[in-house]
Amino acid sequence: ADLPVIICGMAGARQGWIEAPYVETPALLDSVIGRAVPVPGNSRDVRIVPGLAQRAADAPDVMRGEETQLAGIPELREAGNHVVCMPGTHSKWVSISDGAVTGFGTWMTGELYSLLTGHSVLKHSVGGGATAFVPSSAAFAEGVETGLRDRADLTSHLFGIRACGLLLGLGSQDAAAKLSGLLIGTEIGAAERRYPAAGPVMLVGSGLMYALYERASEIAGIEANRT
């Protein structure tokens with residue numbers, strides 16, 4: 001009953017258990033964890049970690065949960081400059097200098113993939129292939145290369161997947177792979193421009209998601225180290 005509890009993520013959101021106000025960037029990772037908000041009315045010490053906010057007129061952004069993952073990587077709390085990629089439903093790219101988050105950006109890549117495969121005309125092209133393709137797929141690599149090269153034409157290339165199925169016999173697994181590659185390639189191309197890395201990008205992830213971003217980084221010529 002006296003074991004302390006630390007909670008991160010959406011429990012601290014405005015619609016969550018207790019709002020844990022955002023810490024604004026630039027922010028030292030150690031100071032973010034140190035500003036965890038106590039939850040009253042409990043027999044034990046329960047605290048919720050605040051998220052991070054980037055209050056920039058040209059790039060406003062927020063995160064909740066990822067700041068705790070970042071704080072768990074010892075190298076990021078030491079001297080030096082790092083760029084971190086955190087794939088997910090809402091992928092985060094984070095710039096860190098001497099233990100402080102100096103900037104970050106969110107790409108809705110995973111959510112867009114889910115929406116497009118389940119609720120758009122592309123659901124007819126992807127069918128049951130949405131989770132069946134592998135990162136080594138040639139169609140995935142083609143999608144990544146297209147996203148890196150022509151990210152300004154993303155919406156046109158998306159419909160092209162539908163046309164490829166109707167006219168060129170593109171199968172459901174390859175359609176899913178190409179769609180995934182196109183979205184991830186577009187994200188990586190934009191993030192690399194916004195957060196150029198002097199060294200390897202730290203890639204935080206696991207399972208299929210990690211493997212996809214590792215392969216896409218390789219295609220993009222980016223050295224990515226797993227964390």
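T117 lies in helix 3, which spans residues 109-119. The model described here is predicted. T117 counts as buried because its relative accessibility is 14%, and the cut-off for buried is under 20%. A polar atom of the T117 side chain lies 3.3 Å from the backbone oxygen of S114. Leaving aside residues up to four places away in sequence, T117 touches K123, V126, A130 and L179.

**The six-stranded sheet**

An open sheet is formed by 6 strands in the order 3-10-9-8-11-12, with mixed pairing. Its edge strands are strand 3 (27-28) and strand 12 (224-226), each of which pairs on one side only. Strands of a sheet pair through backbone hydrogen bonds, either parallel or antiparallel. The pairings described here are set out below, each with one pair of opposite residues.

| Strands | Sense | Bridges | Opposite residues |
|---|---|---|---|
| 3 and 10 | antiparallel | 2 bridges | L28 and A100 |
| 9 and 10 | antiparallel | 7 bridges | S91 and W107 |
| 8 and 9 | antiparallel | 6 bridges | V84 and V94 |
| 8 and 11 | parallel | 2 bridges | C85 and L203 |

Strand 8 covers residues 81-86 and strand 11 residues 201-203. Strand 8 is mostly covered, with 5 of its 6 residues buried. V84 of this strand has a bridge partner in strand 9, namely V94, and V84 also stands opposite M202 in strand 11. C85 has its bridge partner L203 in strand 11.

Strand 9 takes in residues 91-97. A hairpin through 4 residues joins strand 8 to strand 9. Strand 9 also forms a hairpin with strand 10, with 2 residues between them. In the turn of that second hairpin, D98 has a positive phi of about 50 degrees.

Strand 10 runs over residues 100-107, and 6 of its 8 residues are buried, so this strand is largely enclosed by the rest of the structure. Strand 10 pairs with strand 9 over 7 bridges and with the edge strand 3 over 2 bridges. A100 of strand 10 stands opposite L28, while W107 of strand 10 stands opposite S91.

**The three-stranded sheet**

Another open sheet is made of 3 strands in the order 2-6-7, again with mixed pairing. Strand 2 (23-24) and strand 7 (61-63) are its edge strands, and each pairs on one side only. Strand 6, residues 52-54, runs antiparallel to strand 7 and is joined to it by 3 bridges. L52 stands opposite M63 in strand 7.

**A loop residue**

R35 is placed in the loop between helix 1 (29-34) and strand 4 (37-38). Not counting residues up to four places away in sequence, R35 touches V23 and P50. R35 and G110 are 75 residues apart in sequence, and their C-alpha atoms are 30 Å apart in space.

**Cysteines**

A disulfide is a covalent bond between the sulfur atoms of two cysteines. The structure holds 0 disulfides. C85 is in no disulfide, and the nearest cysteine sulfur, that of C8, is 19 Å away; a disulfide would require the two sulfur atoms to be within 2.5 Å. C85 is buried, with a relative accessible area of 1%. C164 also counts as buried, because its relative accessibility is 16%.

**Aromatic rings and arginines**

A pair of aromatic rings is described by the distance of the centres and the angle of the planes. The structure holds 1 aromatic pair. This pair consists of F133 and F140, with ring centres 6.3 Å apart and planes at 25 degrees, so the pair is stacked. The limits behind this are centres within 6.5 Å and, for stacking, planes under 30 degrees apart. Both F133 and F140 are buried.

Arginines also lie over tyrosine rings. R64 is placed over the face of Y22, at 4.2 Å from the ring centre. R226 is placed over the face of Y210, at 4.1 Å from the ring centre. R226 belongs to strand 12 (224-226), an edge strand of the six-stranded sheet.

Note on methods
Residues numbered from 1 in each chain as written. Predicted model: local features only at pLDDT ≥ 70, side-chain atom pairs only at ≥ 80, totals over all residues. Heavy atoms only, no water. Buried < 20%, exposed > 50% of the residue type's maximum accessible area, 1.4 Å probe, protein only. Polar contact = N/O pair within 3.5 Å; in protein donor to acceptor, adjacent residues only side chain to side chain. Contact = heavy atoms within 4.5 Å. Phe/Tyr/Trp six-rings, centres within 6.5 Å; stacked < 30°, edge-to-face > 60°. Lys NZ or Arg CZ within 6 Å of the ring centre and 35° of its normal. Pairing = 2+ DSSP bridges.
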